[in-house]
Amino acid sequence: MSRRLPRLPFNPWHLVLAPVAFVFALPLLWMVLSSFMSNAQINQFPPTIIPDSLHLDGWRTVFGDSQFPRWFLNSTIVASVTVISNLAFCSLAGYAFARLRFRGSTLFFLLILLTLIIPFQLTMIPTFIVMDKLGLVDTLAALIVPALVTPLGVFLMRQFFMNLPKEVEEAARIDGCSRLGVLWHVALPLAKPALSTLAALTFLLMWNDLLWPLIAISSDENSTLPLGLTTFQGQHTQDFSAVMAGNVITVTPVLIAFLLAQKTFIQSLTSSAVKG
Amino acid sequence: MAQRLLGENPSAWAFVLPAMVVIVGLAIVPIGWSLFLSFNSADLIKPAEWVGFANYEALKDDPGLRDAIEHTIIYTGLFVPISIGLGLFLAMALNRQMRFIGIYRTALLAPFIASVAAQGVLFSFIFDERFGVANAALAELHLQTQGFLGDPGQALYVIVLIGIWGGIGFPLVIYLAALQDVPRELLDAASVDGARRWAQLRHVILPQLVPVTVFLVVWQTLLSLQLFDLVYATTRGGPLDSTVVIVYYVYNQAFQLFNAGYAAAVAYVVALFLLILVGAQLVYSRFRARHA
Amino acid sequence: MPGIKIEQVSKTYAGDVLAVDDVSLEVADGEFMVLVGPSGCGKSTLLRMVAGLESVSLGKVFIGEEDVTRLEPPDRDIAMVFQSYALYPHKTVRDNLAFGLSRRKVPKAQIKERVDAMGAMLGLDGLMDRKPAALSGGQRQRVAMGRALVREPRAFLMDEPLSNLDAKLRTSMRGELARLHDRLPVTTLYVTHDQVEAMTLGDRVAVLRDGVIQQCGVPQEIFEKPANLFVGAFIGSPAMNLVQARVSGGEVSFGSTRLPVPGAAELGEREVVIGIRPTSFEVAGPTVDPAWPTLTAAVDVIERLGSECNLLFSIDAPAYNSEDLKAAIGGETGPDAGKLFADDQTARLTAQIQGRPPAAEGSSVELAIDPSQLHFFDPESGATLL
């Protein structure tokens, strides 16, 4: 006879998970809270969670007296354009690799795989030189052009299209569709999960990128949020609420997107891992 | 005619062209160019001068590089096992039916979504020696306040901590998916065979997780060897160069000190090492697949 | 002493879904009992409750003399064969067989002895060091059986173990299972949706529907004396022919057919559903008992099976359909069920005749029906009347 342990009124794992989850969420909570605190309040511990007065100077600085709105716009432009271009071009290329036989397909695909493996620090210097030669340094174009099509995106779409059952596409061909027509009318509508995955990943990577904007952009106006944030931090070392307010702005769009589309994000992470 | 030239589907070339132009032009070409650069002395302003293997020779005796490598290895050696082990533990904790599971999972994943730069800025503030919440808490508890990111002996380890906070979401999510993929019938069979929870973990669940774990080890290692954003956003390599890591070193050499040729050489050596790492994983997975 | 005793067991899932409804069943020691029924009828749930993999909402389960209702699977001393075999993928065949024994702290030397013997008995000798991925489907099945056998448990539980095999292999494995049980008569509870397996393997068969046992008995009894319409339609292939009819004064009438059936006189005057198994027909002729009622069949399709043939014919009567039939045979209810063309409303029956076809497609044939094999069911409840 096996003994049963006395049952608690709730699952004992809550005792482990709740504190851990709280510790993990704490810094982000602190980020939001401290953006509303004056320097004097910030130093108190335990912190006053509900400040008797909301100190809005930090936010005023960020919205009125800084480049954050401009940086937000830049980040949005860069992220949106690259997401759209990736959706279009990675689908085209991925479909071709998955379904069409053509000379050079193996070679090209190998090249793409190769790019996936090469670490960024190897290519960043020459890429900068290329951008320089093209006169694109310190423009948003320098951020967008290298990311118009990502190897990971091509890889993802190819994997997806390879796993679609061929029959539906074959039926469309017999019904008279061209290759492009099959892609547009049959394959793409079925590809919504893969496309959302691709969009989520691309958006995440482009919005959060620091190193390449740091290299390619030199002026304040053309910075993206992560870059601008670090610059701002360097310039306003004592103005904590302003820096935190800027931090909130940098982090909020992706966090909101994440909260709204958790399943998609999680799926995008796990699927890229499985393929890796 | 087009078919003879371009294979069965000439129109396919049109499909693939935009991707290939961008990827070949801005990824493949730079790889070769980097190699060329590494044999030159270049400062990105004057035209480059050929110096042969001089850069590679200098590599060997560069104490700055050696320190950077050491710091990177310390970071990797701590980050990889902790993020994977903790990620597995939390995934197993989360893999059950109970209330608030969604909330816990969101809380643990959210840091991963935030930009690493933003994480760095946030924690620079939290760990600020005079105004940060961390030291305020320590003082309140009558414990010694710390230098954290301002202390050359501590800064790297604080960065490890931040890295784990921000990076655990990925292994967590991967392990969660893998745990849910363990076939129910396999656990039933083990149960009927006499295995209770602990034995089921050892004999069924963990063996199923081996491929995923191998992947995670390689992935997290590659990631941590390329650490940059966090260092830039917190310490800019300081204090006293105690947090300079490899990519930061390359960046510094190329874009602050204008030694682009030397930086390219360093980047190449590191890239070679990374390639060996990936190659090893590929060989290992082929090996397993053939001997399964 | 019963091998397995299920006493008034019920299982309710969240949302008040009743998967198993007050089932009582006794499997004698050494008996091979088959639980059969359409998918979703609760047979697997019942099996899993005996295994301990599902909790029991109400009732008790006994294995041997022991009340195991609250015991976890590791403590029940039972072995189970799963539909997908559930072999440990990273362990060798040898380790797969040995696992259960090692859990029970059997001494290493004994484990080796028993595992080697089992490997030899099942013809797994050369495969002992392979992993499941390197085995064929039939080999994996043998390892799954071996894993259960080597434990020498009090009872075997089998959950559709033959479903994943292709048709020919399934037939031969059925025979193997039967021989195995003769050699090692361990109490066995076997679940399947295939009524042929049930009839050929079971010492006794229990037919389930929606969590309730419809009938439990030896195969012959289930076949010849179904307790209700559902059992009659479910067991037997080709399926029993069912026609809505009227009984009056010892005569059964449907459409334009009148069949004198003296035995039906005691039913009085009422609506019934009659059931005629395809094998109950004979071609009318000098060898057939003249007392047998006959009907004229317009042959639509002939299925030639070599030693026998199926005559598919229609009669002048509406097609029979009901919830019971749908549950037994599967498919949709409604007048179009099982039909390709929506305007088809006539009853289509099947007769199985030994030997060559007696007539060509499109022509008529006189068929005699064995009245002792006629079944009468109540149209409302489906219960057997005669």
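# Reading helices, sheets and chain contacts in a predicted model

Modeller: The secondary structure of chain B comes to 14 helices and two strands; helices (H or I, at least four residues) and strands (E, at least two) are DSSP runs, numbered from the N terminus. This is a predicted model, in which local features need pLDDT of at least 70 and side-chain atom pairs count only at pLDDT 80 or more, while totals for chains, interfaces and linings use all residues. Residues are numbered from 1 along each chain as its sequence is written, and chains are lettered from A and ligands numbered from 1 in the order in which they are written.

Biologist: What radius of gyration does chain B have, and what would a compact globule of 292 residues have?

Modeller: The radius of gyration is taken over C-alpha atoms, and the globule rule is 2.2 Å times the number of residues to the power 0.38. For 292 residues a compact globule would come near 19 Å, whereas chain B has 24 Å. The C-alpha trace of chain B spans about 75 × 70 × 35 Å along its principal axes.

Biologist: How many residues of chain A are in contact with chain B?

Modeller: Two residues are in contact if their C-beta atoms, placed from the backbone, lie within 7 Å. By that rule 73 residues of chain A are in contact with 79 residues of chain B. Helix 1 of chain A provides the largest share of the side of chain A that touches chain B, 10 residues. As to character, Ala, Val, Leu, Ile, Met, Phe, Trp, Tyr, Cys and Pro count as nonpolar, Asp, Glu, Lys and Arg as charged, and the others, Gly among them, as polar. The side of chain A that touches chain B divides into 56 nonpolar, 14 polar and three charged residues.

Biologist: Which helix of chain B gives the most to the side that touches chain C?

Modeller: Here 15 residues of chain B are in contact with 18 residues of chain C. Helix 10 (184-192) and helix 11 (197-225) of chain B each supply at least two residues of that side of chain B. Helix 10 of chain B gives the most, with six residues. The side of chain B that touches chain C holds eight nonpolar, three polar and four charged residues.

Biologist: At what angle do helix 1 and helix 14 of chain A cross?

Modeller: Axes are lines fitted to C-alpha atoms, for helices over the stretch in contact, and angles run from 0 to 180 degrees between N-to-C directions. Helix 1 (residues 14-34) and helix 14 (residues 240-260) of chain A have axes that come within 8 Å and cross at roughly 125 degrees. Angles under 35 degrees count as roughly parallel, over 145 as roughly antiparallel, 65 to 115 as roughly perpendicular and the rest as oblique. Helix 1 and helix 14 of chain A are therefore oblique to each other. The contact involves Met31(A), Val32(A) and Ser34(A) of helix 1, and Phe240(A), Ser241(A), Met244(A), Asn247(A) and Val248(A) of helix 14. These residues divide into five nonpolar, three polar and no charged.

Biologist: What is the strand order of the sheet that contains strand 20 of chain C?

Modeller: Two strands pair if DSSP finds at least two bridges between them. In chain C, an open sheet of five strands has the order 13-12-11-14-20, with antiparallel pairing. Strand 13 (257-260) and strand 20 (374-377) of chain C stand at the edges with a single partner strand each, so one side of each is left without a neighbour in the sheet. The twist averages 35 degrees from one strand to the next. Within this sheet, seven bridges join strand 11 (residues 241-248) to the antiparallel strand 14 (residues 270-276) of chain C. Ala245(C) has Val272(C) of strand 14 as its bridge partner.

Biologist: Where are the cis peptide bonds of Pro239(B) and Pro238(C) found?

Modeller: Most residues other than glycine have a negative phi, and most peptide bonds are trans. The bond from Gly238(B) to Pro239(B) is cis, with omega near -10 degrees, and Pro239(B) lies in the loop between helix 12 (229-234) and helix 13 (246-256) of chain B. Ser237(C) and Pro238(C) are also joined by a cis peptide bond, with omega about 0 degrees; Pro238(C) is in the loop between helix 8 (229-234) and strand 11 of chain C.

Biologist: Which sign does phi of Asp241(B) have, positive or negative?

Modeller: Phi of Asp241(B) is near 60 degrees, a positive value in a residue other than glycine. Asp241(B) belongs to the loop between helix 12 and helix 13 of chain B.
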